[in-house]
Amino acid sequence: MRSGRRRRARWPLARRAVRRRAAADAALLVVAVAFAVPLAWLVLASLDERATLRVRLPAAPTLHNFSAVLTDEITFTPMLNSLLICGGATLLTVGCAALAAYPLSRFRSRFARPYLLTVLFSACLPVTAIMVPVYALFVRVDLIDTRYGTALFLAAAQLPFAVWLMKNFMDGVPAALEEAAWTDGASWFQTLLRIILPLMGPGLSVVAVYTFIMMWGNFFVPFMLLLSPEQLPASVSIFTFFGNYGAIAFGELAAFSVLYSTPVILLYILISKRLGGGFTLGGAVKG
Amino acid sequence: MIRRLLRWSPLAPATVLLLLFLAGPVGYCGYLAVTDTQLTGQESASFVGLANFRHALADPEFRNAVLLTLVFTVVSALLGQNTLGLALAGLLRRASRPVRTVTGAVVITAWVLPEIVAGFLLYTFFERRGTLNAVLAWLHLPTQDWLFTLPILAVSFANVWRGTAFSMLVYSAALAEIPQEVTESAEVDGAGGLRRLWHITLPMIRRSIGTNLMLNTLQTLSVFGLIWALTRGGPGNRSQTLPVFMYDQAFVKSLIGYGTAVALLLLVVGALFSAVYLRLLREEV
């Protein structure tokens, strides 16, 4: 083995490959360090009672910041609001997307393609741009400052992309099993619920998790549509660290950010493992 | 006929939701943009035609916002995320396994973090007493108050930090599809690294490049939370891109009608990019 490696190293191409790998490693490590610095602040400051704006090792690491923010007002209520809003909206989005994907994936019609293209088109529109009219509209129909109104809008905003992803995943489920169920007299709804959705389990969870992550991190929508402090989700309530408490408690801000970010990071790991590292919003980007 | 309608009935819930909450606001956007609606007093709103748009074109603050949006998009999406993402994807293919895993994890974590957390993290990085100046001082380089002297560059770098992972993933997938023989035979023919990149790699992934540029641009056009957390559009209006300008006009200055007209312009630009993106996809399918 060893002699084999030495012999290969004499080939210029192989030696160049080794050198090239070292150069690539070095370049990547530089980028990784640069990207890691702000992340390092997050972790270190959350463990440092006297955290400042700079990255530094805590003199005496404690969990004090975490115990300070783990109160109803600061953490539990906003997190529960986030969970209610994003969880409800995700259920609605996934449900509607699964239903819509079924005929789009299974039946031929000259309307199917224009419908899908419209959906894809609206998936790309910048939602930020319609938030001012949405606010005005919500004031008129009295949905402003309600969690369900916010959830409904988030669900609609995420729906086009969910329909598109879901349709592509559903295309991958062979139609043969369904046809057997049809001949046994099952309705389309039973077929969808009992046969197709279980078969596309991984795809379904990708759509659900991706939708949830996007909603959990969304700042602008709840920022515009919710006003009363007790209804705010974590993405907006985080600003109270700047407003009400005078001097900013950076350690507590970092601890809260860690708590708020952990669920989405865990969920991302869950789906990326399931589909291999190359989950690049696969179907969506490549059509 | 009825059976056919019944077949398509599962489309109904999604369609209703989209019409009510997406198409509705887009239509209402068109209506509000031609009125002088203000935040207080719905009754006084009246039709003003294209006055809001004329006002926008003559408004130096609007022109400032358009210019800053252009800078923000070109620097962070086209140059930053796109180029760095491609470079990272290329390097990842050559790197050793542990380096590949660590770099991928760090860059993707920056992307998965909620937007507002990313905003705060980069705030601590760029702030006068923050980490960047600490590093510069340690290297004996001049320090400065980045969020004050170069706010638009600071928010652009923040967007690069947050968005590069997407380009990296897109290009990793694209590079993995280039057949090994093509690269190898070019290498045997003696084509150097740059020439291989220019004559072989880039032409072979050109569709991914188009897709990626479009999606980056669309994402960057709607960035609000990141800028809000870093600078709130300031100091003054020196990092006020169109979404922040729109928010400022509609809610701080209470000019809903004018804010909506600006939003409509943003929406039209977004729609144009969307349409181009769909064209690109159609060529591919």
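This is a short tour of a predicted model, with stops at a chain contact, some helices of chain A and one helix of chain B.

Start with chains A and B together. Their contact draws on 70 residues from chain A and 75 residues from chain B. Now keep just the chain A side. Helices that each supply at least two residues to it include H2 (12–46), H4 (72–106), H5 (112–124) and H7 (147–171). Color H2(A) next: it gives the largest share of that side, 16 residues. If you color by class instead, the side of chain A that touches chain B shows 55 nonpolar, eleven polar and four charged residues.

Next, select H5(A). This helix has 13 residues and spans 19 Å from first C-alpha to last, close to the 18 Å expected at 1.5 Å a residue. Show side chains for Val119(A), Leu120(A), Ser122(A), Ala123(A) and Cys124(A), which are buried in H5(A).

Then bring up H4(A) with H7(A). Their axes sit 6 Å apart, and the two helices pack at an angle of about 40 degrees. Rotate until one lies in front of the other, and you're looking at a right-handed crossing. What is the makeup of the contact of H4(A) with H7(A)? Its residues divide into 20 nonpolar, six polar and three charged.

Last stop: hop over to chain B and select residues 242–252, which is H14(B). This helix is mostly covered, with eight of its eleven residues buried. Among the buried ones are Leu242(B), Phe245(B), Tyr247(B) and Gln249(B). Step past the end of H14(B) to Ser254(B), and check its phi: it's positive, near 65 degrees.

Note on methods: Residues are numbered from 1 along each chain as its sequence is written. Chains are lettered from A and ligands numbered from 1 in the order in which they are written. This is a predicted model: local features need pLDDT of at least 70, side-chain atom pairs count only at pLDDT 80 or more; totals for chains, interfaces and linings use all residues. Two residues are in contact if their C-beta atoms, placed from the backbone, lie within 7 Å. Helices (H or I, at least four residues) and strands (E, at least two) are DSSP runs, numbered from the N terminus. Ala, Val, Leu, Ile, Met, Phe, Trp, Tyr, Cys and Pro count as nonpolar, Asp, Glu, Lys and Arg as charged, and the others, Gly among them, as polar. The expected span of a helix is 1.5 Å times one less than its number of residues. A residue is buried if 20 or more other C-beta atoms lie within 10 Å of its own, exposed if 12 or fewer, and partly exposed in between; C-beta atoms are placed from the backbone. Axes are lines fitted to C-alpha atoms, for helices over the stretch in contact, and angles run from 0 to 180 degrees between N-to-C directions. A crossing is left-handed if the near helix is turned anticlockwise from the far one by less than a right angle, and right-handed if clockwise.
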